[in-house]
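Biologist: Could you walk me through the terms people use for a model like this one? I'd like to see how each label is earned.

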Amino acid sequence: MSDHLLSEFDALRVIYHRRAVRAYAPEQPAEAEIRELLGAAVQAPTAMHLEPWGFVVVQDRALLKRLSDRAKAMLLKSDFAVGWGSAAAHKHDHPKMLSDPAFNIFYDAGTLIAICRRGAGAFADADCWLAAENLMLAATAKGLGTCCIGFAVGVLNEPDVKRELGIPAEGAAVAPIIVGSPRAEAAPVGRKAPVILGWRK
Ligand SMILES: Cc1cc2nc3c(=O)[nH]c(=O)nc-3n(C[C@H](O)[C@H](O)[C@H](O)COP(=O)(O)O)c2cc1C
């Protein structure tokens, strides 16, 4: 196999292997590992080369618990749409899950990386999400698990939380990602075949 094919094979393996991980071992990723993930994140494509992202790393478990509890209360009071990814596919009952005092929206992972935009901009959110996917794929390649936590977006964008975490007032938390050592192999989650809406030749 040529080098070219080998790297394509590895890249595709990582893409197909990544799964949302919702059960973590207690140990934290090392700081050097997190810095490697951030390095991979910022290799993402970025509109007009603006690199509008910034990263908040939270490894304080008491703070994560406080954010989780507040997010749950906010979500229960809000009119949030039911149907986030596998929560719907697995028929999770969101109100019941969010009312459970034992449920932690960060699944007791010890590390949250909130990918934030530092200002406004037509494609700033897109850039942050592209960085998020890079980060998750890099974590997969390193044997770490990740999961996007959409449940956390609201609480992270509360003005006092933004101030506490150092997110600029004119910016916003876009993509909260938990990271850690998976406690077990995540179950495979299938995908429907690509829906091709058009293909004009
Ligand atoms: C924008 C976004 C928000 C998400 N929010 C949550 C969340 O709050 N909690 C959760 O358990 N999973 C969340 N997920 C993970 C999805 O449920 C998961 O990616 C989906 O079920 C597909 O599974 P897979 O990632 O293992 O392929 C989110 C994913 C995305 C892209």
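Modeller: Here is how the labels work out for the sheet, a helix pair, an aromatic pair and two loop residues.

Modeller: This is a predicted model, so local features need pLDDT of at least 70 and side-chain atom pairs count only at pLDDT 80 or more, while totals for chains, interfaces and linings use all residues. Residues are numbered from 1 along each chain as its sequence is written, and side-chain values use heavy atoms, with hydrogens and water left out.

Biologist: Okay, the sheet. What makes strand 1 and strand 3 edge strands?

Modeller: Four strands form an open sheet in the order 1-2-4-3, with antiparallel pairing. Strand 1 and strand 3 (145-148) each pair on one side only, and that is what an edge strand does. Strands here are DSSP runs of E with at least two residues, helices are runs of H or I with at least four, and both are numbered from the N terminus.

Biologist: How do you know that strand 2 and strand 4 pair?

Modeller: Two strands pair if DSSP finds at least two bridges between them. Strand 2 and strand 4 have seven bridges, in the antiparallel sense, and one of the contacts puts T111 with its bridge partner V179 in strand 4. Strand 1 and strand 2 also run antiparallel, joined by six bridges, and there F55 stands opposite I115. Strand 3 and strand 4 (residues 172-180) pair over four bridges, with G145 opposite G180.

Biologist: Why is strand 2 called mostly covered?

Modeller: Seven of its seven residues are buried, meaning under 20% relative accessible area (over 50% is exposed, in between is partly exposed; 1.4 Å probe, protein chains only). T111, I113, I115 and R117 point one way, and L112, A114 and C116 the other way. In a regular strand the side chains alternate between the two faces of the sheet.

Biologist: Now the helices. Why are helix 2 and helix 6 called oblique?

Modeller: The axes of helix 2 and helix 6 (residues 124-141) cross at roughly 135 degrees and come within 7 Å. Axes are lines fitted to C-alpha atoms, for helices over the stretch in contact, and angles run from 0 to 180 degrees between N-to-C directions. Under 35 degrees is roughly parallel, over 145 roughly antiparallel, 65 to 115 roughly perpendicular, and the rest oblique. The crossing angle falls in that last group, so helix 2 and helix 6 are oblique to each other.

Biologist: Which residues of helix 2 and helix 6 meet?

Modeller: L37, L38, A40 and A41 in helix 2 meet A131, N134, L135, A138 and A139 in helix 6. Contact means heavy atoms within 4.5 Å.

Biologist: What makes the pair of F103 and Y107 edge-to-face?

Modeller: The structure holds one aromatic pair. The ring centres of F103 and Y107 are 5.7 Å apart and their planes are at 80 degrees, so the pair is edge-to-face. Rings of Phe, Tyr and Trp (its six-membered ring) pair with centres within 6.5 Å; planes under 30 degrees apart are stacked, over 60 edge-to-face, the rest tilted. F103 has a relative accessible area of 12%, so this residue is buried.

Biologist: And is M48 buried or exposed?

Modeller: M48 is at 67% relative accessibility, so this residue counts as exposed. M48 lies in the loop between helix 2 (31-41) and strand 1 (53-58).

Biologist: What is the phi of M48?

Modeller: M48 has a positive phi of about 55 degrees, although it is not a glycine. Most residues other than glycine have a negative phi. D108 also has a positive phi, about 60 degrees, without being a glycine; D108 is in the loop between helix 5 (94-99) and strand 2 (111-117).
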